[in-house]
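Student: I would like a close look at one part of this model and at what surrounds it. Please pick a single element, work outward from there, and give the cut-offs behind each term.

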Amino acid sequence: QVQLIESGGGLVQAGGSMRLSCTASGRTLRNHVMGWFRQAPGKEREFVAAISKSSKGISYLESVKGRFTVSRDNAENTWYLEMNSLKQEDTAVYYCAAGRWSTTVESTYEYWGQGTQVTVSS
């Protein structure tokens with residue numbers, strides 16, 4: 001019914017930038033919170049960023065503040081994660097998600113993308 005398709009992952013040098021995109025099909029999600037999570041090898045999935053339906057409420061994981069920017073385009077049913085000054089510790093599988101409420105808890109999100117690998121090399 002609803003699919004979230006991610007793109008933009010790949011290999012990038014430390015200090016570089018990368019832009020991830022997530023597009024939803026099957027349903028308009030303009031009333032949902034759009035979020036980003038990531039999971040590194042051997043670690044639990046963690047919250048990275050989220051943006052409210054009006055783009056007025058934005059939150060970030062402390063370690064990415066000032067480096068990552070989340071945005072959304074409701075007309076295109078798409079949201080983005082711009083990552084700058086990337087570090088090796090940012091290496092992970094990144095997942096986009098959509099939820100009913102603005103939270104950092106992954107269990108509150110309703111829809112999930114398939115994940116895209118981001119690898120930051122030295």
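Tutor: Helices and strands here are DSSP runs, numbered from the N terminus: a helix is H or I over at least four residues, and a strand is E over at least two. The model is predicted, so local features need pLDDT of at least 70 and side-chain atom pairs count only at pLDDT 80 or more, while totals for chains, interfaces and linings use all residues. Residues are numbered from 1 along each chain as its sequence is written, and side-chain values use heavy atoms, with hydrogens and water left out.

The part to examine is strand β5. Five of the six residues of β5 are buried (under 20% relative accessible area; exposed is over 50%, partly exposed in between, with a 1.4 Å probe and protein chains only). The strand is therefore largely enclosed by the rest of the structure.

Next, its partners. Two strands count as paired if DSSP finds at least two bridges between them. β4 and β5 run antiparallel and are joined by five bridges. β5 and β6 also run antiparallel, with three bridges joining them. A50 serves as a landmark on both sides: G35 stands opposite A50 in β5, and A50 stands opposite S59 in β6.

Both pairings are hairpins with a residue of positive phi. The β4–β5 hairpin has six residues between the strands, and G42 there takes a positive phi near 80 degrees. The β5–β6 hairpin likewise has six residues between its strands, with S55 in the turn. S55 has a positive phi of about 70 degrees although it is not a glycine. Most residues other than glycine have a negative phi. S55 sits in the loop between β5 and β6 (58–60) and is partly exposed, at 32% relative accessible area. A further case is S85, in the loop between β8 and β9, where phi is near 50 degrees. S85 is partly exposed too, at 41%.

Now the packing. A nonpolar core is a set of buried Ala, Val, Leu, Ile, Met, Phe, Trp, Tyr and Cys residues joined through side-chain atoms within 4.5 Å. The largest core has 29 residues, and those touching the most other members are L4, L29, W36, W79, L81, M83 and Y94. β5 (46–51) is one of the elements that give two or more residues to this core, along with β3 (18–25), β4 (33–39), β7 (68–73), β8 (78–83), β9 (92–99) and β11 (116–121). Apart from that core lies another, of six residues, including F47, A50, A97 and Y109. Thus A50, the landmark from the pairings, turns up again as a member of this second core.

Charged contacts come next. A salt bridge is a side-chain nitrogen of Lys or Arg within 4 Å of a carboxyl oxygen of Asp or Glu, and the count by this rule comes to seven. R45, in the loop between β4 and β5, is linked with E106, in the loop between β9 and β10 (109–112), across 61 residues. Their side chains meet at 3.9 Å, N to O. Both ends are partly exposed, R45 at 25% and E106 at 31%.

A network of salt bridges links R38, E46, R67 and D90. Within it, R67 and D90 meet at 2.8 Å, N to O. R67 lies in the loop between β6 and β7 and D90 in the loop between β8 and β9, 23 residues apart. Both are buried: R67 has a relative accessible area of 10%, and D90 has 0%.

Further afield, R19 and E82 form a salt bridge at 2.5 Å, N to O. Because R19 lies in strand β3 and E82 in strand β8, the pair ties together parts that are 63 residues apart in sequence.

One covalent link remains to be mentioned. A disulfide is a pair of cysteine sulfur atoms within 2.5 Å, and the structure holds one. The link joins C22 to C96, with an S to S distance of 2.0 Å, and is right-handed, with 50 degrees about the S-S bond. C22 lies in strand β3 and C96 in strand β9, so the pair ties together parts that are 74 residues apart in sequence. C22 is buried at 0% relative accessible area, and C96 is buried at 0% as well.
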